[in-house]
Amino acid sequence: MSKADRFYVYVVRINGQTRYVGKGSGNRYRIHLTRSHNETLRSEVETAKAQGWPVRVRIISSDLSERDAFRLERRAIFKWSRKTVNISMGSHTEMERIAMQCRASLLTLKSEDRVRQEGVWMGASVEERLCALRSIRERLTRLAEAA
């Protein structure tokens with residue numbers, strides 16, 4: 001397995017019920033059972049152990065790239081969202097976050113018509129402003145597509 005493909009997605013089942021979905025590498029799932037940042041999961045695991053209920057971890061897919069692991073984690077959380085104690089609906093890779101930020105920035109750019117209506121602004125002519133707007137739009141679009 002290459003370094004780029006070393007992730008897995010797992011579920012924590014307590015007393016037969018899916019309670020948590022996570023993405024990890026190495027022994028992340030084991031650490032999560034004893035030192036989880038999720039207080040609810042930690043409490044449920046402690047209660048289950050005290051009651052003698054089974055706490056099981058099932059790896060639902062392995063040998064994944066980080067991107068594929070994040071995607072599967074989000075889908076699994078959504079599938080079991082009514083039953084799980086996940087704090088969020090899953091995470092994104094850095095490139096996915098960049099792409100989302102670029103798309104959001106594209107939505108907030110002024111339209112060319114708006115720039116024409118405003119006219120000269122801070123000494124920049126309408127044509128200079130339109131040129132800058134087109135350049136920014138093009139760069140954000142390329143970045144979003146590349147991410």
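Start by selecting Glu-39, Glu-46, Ala-50 and Gln-51: they are exposed on one side of helix α2, the side away from its buried residues. Exposed here means over 50% relative accessible area, buried under 20%, and partly exposed in between, with a 1.4 Å probe and protein chains only. Helices (H or I, at least four residues) and strands (E, at least two) are DSSP runs, numbered from the N terminus.

A word on what you have loaded: this is a predicted model, where local features need pLDDT of at least 70 and side-chain atom pairs count only at pLDDT 80 or more, while totals for chains, interfaces and linings use all residues. Residues are numbered from 1 along each chain as its sequence is written, and side-chain values use heavy atoms, with hydrogens and water left out.

**Stop 1: the rest of α2**

Keep α2 on screen and add Leu-41, Val-45 and Ala-48, which are buried. Look down the helix axis: the buried residues fall within an arc of 65°, so they line one face of α2. That arc is taken from the directions from the helix axis to the C-beta atoms. The spacing fits a general rule: an α-helix has 3.6 residues a turn, so residues three or four places apart point the same way.

What do the buried residues of α2 pack against? Show β1, β2, α1 and β3, and you have the partners. Contact means heavy atoms within 4.5 Å.

Now try the distance tool. From first C-alpha to last, the 13 residues of α2 reach 18 Å, close to the 18 Å expected at 1.5 Å a residue. The expected span is 1.5 Å times one less than the number of residues.

Both ends deserve a click. At the start, a side-chain oxygen of Asn-38 comes to within 3.1 Å of the backbone nitrogen of Thr-40. After the helix comes Gly-52, with a positive phi near 80°.

**Stop 2: helix α1**

Select residues 28–35 for α1, then pick out Tyr-29, His-32 and Leu-33, which are buried. They cover an arc of only 100° around the axis, which puts them on the same side of α1. Arg-30 and Arg-35 are exposed on the other side. Show β1, β2, α2 and β3 again, since the buried residues of α1 pack against these elements.

**Stop 3: the strands**

Next, select β1, residues 7–14. How many of its eight residues are buried? Seven of them are, which leaves the strand mostly covered.

Add β2 (residues 17–24): seven bridges join β1 to β2, and the two run antiparallel. Then add β3 (residues 55–64), which is also antiparallel to β1 and joined to it by seven bridges. Two strands count as paired if DSSP finds at least two bridges between them. To check the register, label Tyr-10, which stands opposite Gly-22 in β2, and Val-12, whose bridge partner in β3 is Val-57.

**Stop 4: two residues with positive phi**

Go to the loop between β1 and β2, where you will find Asn-15. The hairpin has two residues between its strands. Phi of Asn-15 is near 55°, a positive value in a residue other than glycine. Asn-15 is partly exposed, at a relative accessible area of 42%.

Then jump to Asp-63, in strand β3. Asp-63 is another non-glycine residue with positive phi, near 60°. Its relative accessible area is 48%, so Asp-63 counts as partly exposed.

**Stop 5: Thr-18**

Back in strand β2, select Thr-18. Is it buried or exposed? Thr-18 is buried, with a relative accessible area of 5%. Its side chain makes a polar contact of 2.9 Å with the side chain of Arg-13. A polar contact is a pair of N or O atoms within 3.5 Å; within protein, one must be able to donate a hydrogen and the other to accept it, and residues adjacent in sequence count only if both atoms are side-chain atoms. Leaving out residues up to four places away in sequence, Thr-18 touches Val-11, Val-12, Arg-13, Trp-80, Lys-83 and Thr-84.

**Last stop: zoom out**

Color by secondary structure and you should see six helices and three strands, running β-β-α-α-β-α-α-α-α from the N terminus on. Of the 147 residues, 33% count as buried. Residues 24 or more positions apart account for 54% of the contacts with a separation of 6 or more.
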